[in-house]
Amino acid sequence: MAIASWLRWLLVAVAALLVLAAMMLGRRSQQLHPMVVVPGYATNELDARLTELYRPSSPRCKKTGWFRLYLNNTALEDPSDVRCFAEQMSTVYDPLSDDYYNARGVETSVPFFGSTQGLRYPDPDRKDFSYMDKFVSRLERIGYHDGKNLFGAPYDFRYAVAPVGHRSRVGLAFFRRLKRLVEKASRLNGGRPVTIVAHSFGGPLAYQFLLRRPLSWRKRFVRRFVPVAAPWGGVVTVMLALNSGNNLALPFVDPLALKAEYRSLESSVWLLPSPKVFPAAQPLVATKSRNYSAHDMADFLGAIGLREAIRPYRTRALPLFSELPSPQVPVACVVGVGRDTLERMVYPGDDFSVAPTMVMGDGDGLVNLASLVAVDPAWRRSRAGASAHFKMVKVSNVSHTDLLVEDCALDILIDAIQRPN
Ligand SMILES: *[C@@H]1O[C@H](CO)[C@@H](O)[C@H](O)[C@H]1NC(C)=O
Ligand SMILES: *[C@@H]1O[C@H](CO)[C@@H](O)[C@H](O)[C@H]1NC(C)=O
Ligand SMILES: *[C@@H]1O[C@H](CO)[C@@H](O)[C@H](O)[C@H]1NC(C)=O
């Protein structure tokens, strides 16, 4: 009898402990601030459909129904199919309406908006080619759940936005969706403000989004902005890619095959080195008869035969980054440093088709150090002189994408995300 009652008490105590533990776990995930992840360039899927207006350069480019345009590795293994990809991914700048458009007869859409599903792997059939999956899995381990307190904001990375007064149909449609997503993330989590984590190109894009929201909205909905490896003043490598092509880091794709496509995109012009960050005395491209600094970008575009990009560069991209005002929300920038990063191309003559000598400088292997840290110390100083909650976290010897992959870098990133304001 005594033993039975002792056992009953033990069982009650164990049950109470279990309930308590479950409550604490529940509270822990409730205490997490909702998070919206804005991925980097060419990180999320893009779907496409070809209409009757599409004029394929070859019959093999024809397809029916919606299909995954970006990314399908298998569809890029044959060089003739790369040509189809290039023409379907290309955009056109129309000077008359002052906006960028898809190629004629190509409709595109961004699947899985709101979720991290479309950004874990650019090609879900090739799971070894990813750097976001590790980061998202890590977030899940600390209590984040897709659709509950974790949201993804994939976008059409071929486009960007232009200054107010210029048309940017695609970029502004993304901003409207992002606004609704941040509000929804907060609403589903008891009205708590949201942490916005943005990698690479997603950093300046989310920054432009924040600048366009009223300050009262930012204060109400944004707990912290965490740009990771964000270029605030462009990337020198983009000059090389505009001149020689870009294979989107796919080793089996010839960069030259995607040169015209890369040149046609608004996002390519957006990432040109900016005069705010790279001084006039620093030649980024040197030829026998001329040096080009970030202050000579229009001349450089003309010299490489890309005259049609000069106007959008001057009127749409350049003004957006000529000043870098603080977004006036708490910010923690996380950057990789100490990796060889292309800083100057030296051409032996005046011929841009000859391979240049590459001069390396500091950075994360892709983005130059000057661009990564350009907002420091400007964002440290808030207008009222009060603490601006700004942090610049430098992780040494970690590359642009390894910041989201390497365990020690992820520890630092998660700490920058979670640390109280
Ligand atoms: C990827 O491309 C291959 C080859 O063109 C095709 O057979 C396959 O259906 C495509 N996959 C998707 C998901 O569209
Ligand atoms: C380009 O810049 C380099 C280094 O600043 C300088 O030595 C060289 O004379 C310049 N070349 C021309 C053509 O101005
Ligand atoms: C930097 O990291 C690479 C591998 O990621 C390693 O081989 C190299 O030794 C490291 N360099 C330093 C200075 O730690």
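How many nonpolar, polar and charged residues does the shell around ligand 2 have? The shell has 1 nonpolar, 2 polar and 2 charged residues. The model described here is predicted.

**The two ligands**

The residues that surround ligand 2 are P283, K288, S289, R290 and N291. The side chain of N291 has an N or O atom 2.2 Å from an oxygen atom of this ligand. Taken alone, ligand 2 exposes 360 Å², and the protein buries 38% of that.

Ligand 1 is surrounded by R68, N72 and A75. Here an N or O atom in the side chain of N72 is 2.4 Å from an oxygen atom of the ligand. On its own ligand 1 has 360 Å² of accessible area, of which the protein covers 47%.

The table lists distances that involve the side chains of four residues.

| Side chain | Partner | Distance |
|---|---|---|
| N291 (N or O atom) | oxygen atom of ligand 2 | 2.2 Å |
| N72 (N or O atom) | oxygen atom of ligand 1 | 2.4 Å |
| D78 (oxygen) | backbone nitrogen of S80 | within 2.9 Å |
| N368 | backbone nitrogen of V236 | 3.0 Å |

**Nonpolar cores**

In soluble globular proteins, nonpolar side chains tend to be buried together. The largest nonpolar core in this model has 104 residues, and those touching the most other members are V36, Y70, I196, F225, W232, W270 and L272. Helix α5, residues 169-187, gives the most to this core, with 6 residues. Not counting residues up to four places away in sequence, V36 touches F151, A153, L178, L181, V182, A185, V194, T195, I196 and V197. Another core, of 27 residues, lies apart from it; L119, V136, A229 and A332 are among its members.

**Helix α2**

Helix α2 spans residues 79-89, and its buried residues are D81, V82, C84, F85, A86, Q88 and M89. These buried residues pack against the strands β2 (46-50), β3 (67-70), β4 (91-94) and β6 (106-109), and against helix α9 (259-263). At the start of α2, a side-chain oxygen of D78 comes to within 2.9 Å of the backbone nitrogen of S80.

**N368**

Is N368 buried or exposed? N368 counts as buried because its relative accessible area is 1%, and the cut-off for buried is under 20%. The residue sits in the loop between β14 (357-361) and α13 (369-372). Its side chain reaches the backbone nitrogen of V236 at 3.0 Å. Leaving aside neighbours within four places in sequence, N368 is in contact with V235, V236, F278, T341, L342, E343, D362 and G363.

Technical notes. Residues numbered from 1 in each chain as written. Chains lettered and ligands numbered in written order. Predicted model: local features only at pLDDT ≥ 70, side-chain atom pairs only at ≥ 80, totals over all residues. Heavy atoms only, no water. Near = heavy atom within 4 Å. Polar contact = N/O pair within 3.5 Å; in protein donor to acceptor, adjacent residues only side chain to side chain. Areas by Shrake-Rupley, 256 points an atom, 1.4 Å probe, with all protein chains shown as cover. Nonpolar A, V, L, I, M, F, W, Y, C, P; charged D, E, K, R; others polar. Core = buried A, V, L, I, M, F, W, Y, C linked by side-chain atoms within 4.5 Å. Buried < 20%, exposed > 50% of the residue type's maximum accessible area, 1.4 Å probe, protein only. Helix = DSSP H or I, 4+ residues; strand = E, 2+ residues; numbered from the N terminus. Contact = heavy atoms within 4.5 Å.
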